[in-house]
Amino acid sequence: QQSVGHVFLFVFSHFVTPTRTQTRPLLTKKKNMADWELKICCMGAGYVGGPTMAVIAKMCPKILVTVVDLSKKQIDAWNSDELPIYEPGLPEVVKVGKTQGNLVFSTDIEGAIKEADVVFISVNTPTKTSGIGAGRAANVKNCELCARTIAAVSTSDKIVVEKSTVPVRTSDAVRAVLEHGAKPGVKFQVLSNPEFLAEGTAVPDLENPPRVLLGSLQTPDGLKACQTMVDVYGKWVPKERILTTNLWSSELSKLVANAMLAQRVSSVNSISALCEATGADVSEISRSCGSDPRIGPKFLQASVGFGGSCFQKDILNLVYLCESYGLHECAEYWHQVIKMNDYQKSRFAQNVVKTMFNTITAKKIALFGFAFKKDTGDTRETAAAFVCRDFVAEQAKVHVYDPQVTRDVMLTEFKYTLNLSDDTQPGFSDYIVTETDPYVAARGAHAICVVTEWNEFKTLDYQQLYDSMAKPAFIFDGRNIIDAKKCRDIGFQVYMIGKPERLL
């Protein structure tokens, strides 16, 4: 999470020296670069680049896929049994590519570019923190640096594929950099191929995607380049699921898709507040509305708020684009999605304080979960960080348990997203205690706050937890996953998002 969310990473294709036949049989057989049908490289060994390239390698054994990064630590992790990211099913996919010999992780940059036919740009495009558009616009510096590097070392024609989420018409800048920096006779074609992965289900999303989107210039050369990637994905994705558009439609589609998904989350969260005020049940509302085929049931689960690297960043980018084109009403419409999400996170923390007799000072709060969602170790923009911030402001002692997130990653997220550290707020880290056992986290606590929907939180022994806690013991379920009735029968006072009879 740190290297992808906070550090600029490169990945390129690389000539691979064959190893012993028994460990790399396919690579030994195809030791000459000309023997491969296609040579793909990806700039960025993170949450997108790593899994995407691993699946391409698995599905296309005659295509050489090389992932190269400036960070030796990152590459060493990919070459080990302890991958740098947690994603269910990913180790098995990576193992297939390595066994076939067509999936390679390396730090050789220049050699990789020279040998590649196709170069993916899959680097971080964070929200700008200063300058024009600060707090809203995407910082595409990394994409430009990649383009300059490709142009500087390329000695043959290449297809350059934008995989990073970028503002619409970023491809114009990438093309300009490539064309002005190209060596004589070297030509580039730029494609847009945005990712639509959901962390926690990235492998099935890649192996059986609902759609693959490819955008290109509508010129003979542009369409030819697009067909090259259509043929790659077509080796396992049905043709009807491979959508081709112009460059700018493809770039904008990713932003709009994330904005619409986040909009649904904020919509149901706004209704959760109304449900609590009126006695309605937000789960019943979601089920009723989701049964309408025009609406559908997905992304209608009320919660403490959405997080992750995409939703907030992409919506803010969309807001900035609308403002840049003078579409201020459109900008405000989408900005409201972010405002509602901020309100929901704040409302959750405020309800904890209000319910616990208007003070949590010096009280121990057990926080179950820190990742922004289950089945991932990613903490970027996690709602848990904002809840912790509000609890620490009240001088509560927060004991955090998450099965996949380490203390270092937590503290990095506090620093990166909220600018909270011992340097900016002396003693801050003393208020955050990390635990490796949920029962230890809850021992002596006044309340449990569930902020990530890990499955294990559904099956904990809540009688044991209750017996070890200070009384009255509270549960604040920010994901609506626990058995509220059972916990109330045990003796807990329970708060659920958008549910009636939250406390007895």
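Helix α12 spans residues 282-290 and includes I285, a residue that counts as partly exposed because its relative accessibility is 34%, between the 20% and 50% limits used for buried and exposed. The model is predicted, with a chain average pLDDT of 91 and 93% of the residues scoring at least 70.

**Confidence**
- Residues 1-29 keep a pLDDT under 50, and for this stretch the model has 112 contacts beyond four places in sequence.

**Surface patch**
- On the surface, I285 joins I271 and L274 in a nonpolar patch, and together these residues have about 230 Å² of accessible area.

**Helix α15 and its surroundings**
- Helix α15 covers residues 383-393 and is largely enclosed by the rest of the structure, because 8 of its 11 residues are buried.
- The buried residues are A383, A384, A385, F386, V387, C388, F391 and V392.
- The cover over these buried residues includes the helices α14 (328-355) and α16 (407-418), together with the strands β9 (364-368), β10 (397-401), β11 (432-435) and β12.
- Just after α15, Q395 adopts a positive phi of about 65°.

**Strands β12 and β13**
- Strand β12 (residues 447-450), which is also among the elements covering the buried residues of α15, pairs with β13 in the parallel sense over 4 bridges.
- Within this pairing, I448 stands opposite I475 of β13.
- In β13 (residues 474-477), F474 and F476 point one way while I475 and D477 point the other way, and all of them are buried.
- Such a pattern is expected because side chains in a regular strand alternate between the two faces of the sheet.

Conventions:
Residues are numbered from 1 along each chain as its sequence is written. This is a predicted model: local features need pLDDT of at least 70, side-chain atom pairs count only at pLDDT 80 or more; totals for chains, interfaces and linings use all residues. Side-chain values use heavy atoms; hydrogens and water are left out. Patches are made of residues with over 30% relative accessible area and no salt bridge: like charges are joined within 9 Å, nonpolar side chains (Val, Leu, Ile, Met, Phe, Trp, Tyr) within 5 Å. Accessible areas come from the Shrake-Rupley method with a 1.4 Å probe; for residues, only the protein chains shown count as cover. A salt bridge is a side-chain nitrogen of Lys or Arg within 4 Å of a carboxyl oxygen of Asp or Glu. Helices (H or I, at least four residues) and strands (E, at least two) are DSSP runs, numbered from the N terminus. Buried means under 20% relative accessible area, exposed over 50%, partly exposed in between (1.4 Å probe, protein chains only). pLDDT is the predictor's confidence in each residue, from 0 to 100. Contact means heavy atoms within 4.5 Å. Two strands pair if DSSP finds at least two bridges between them.
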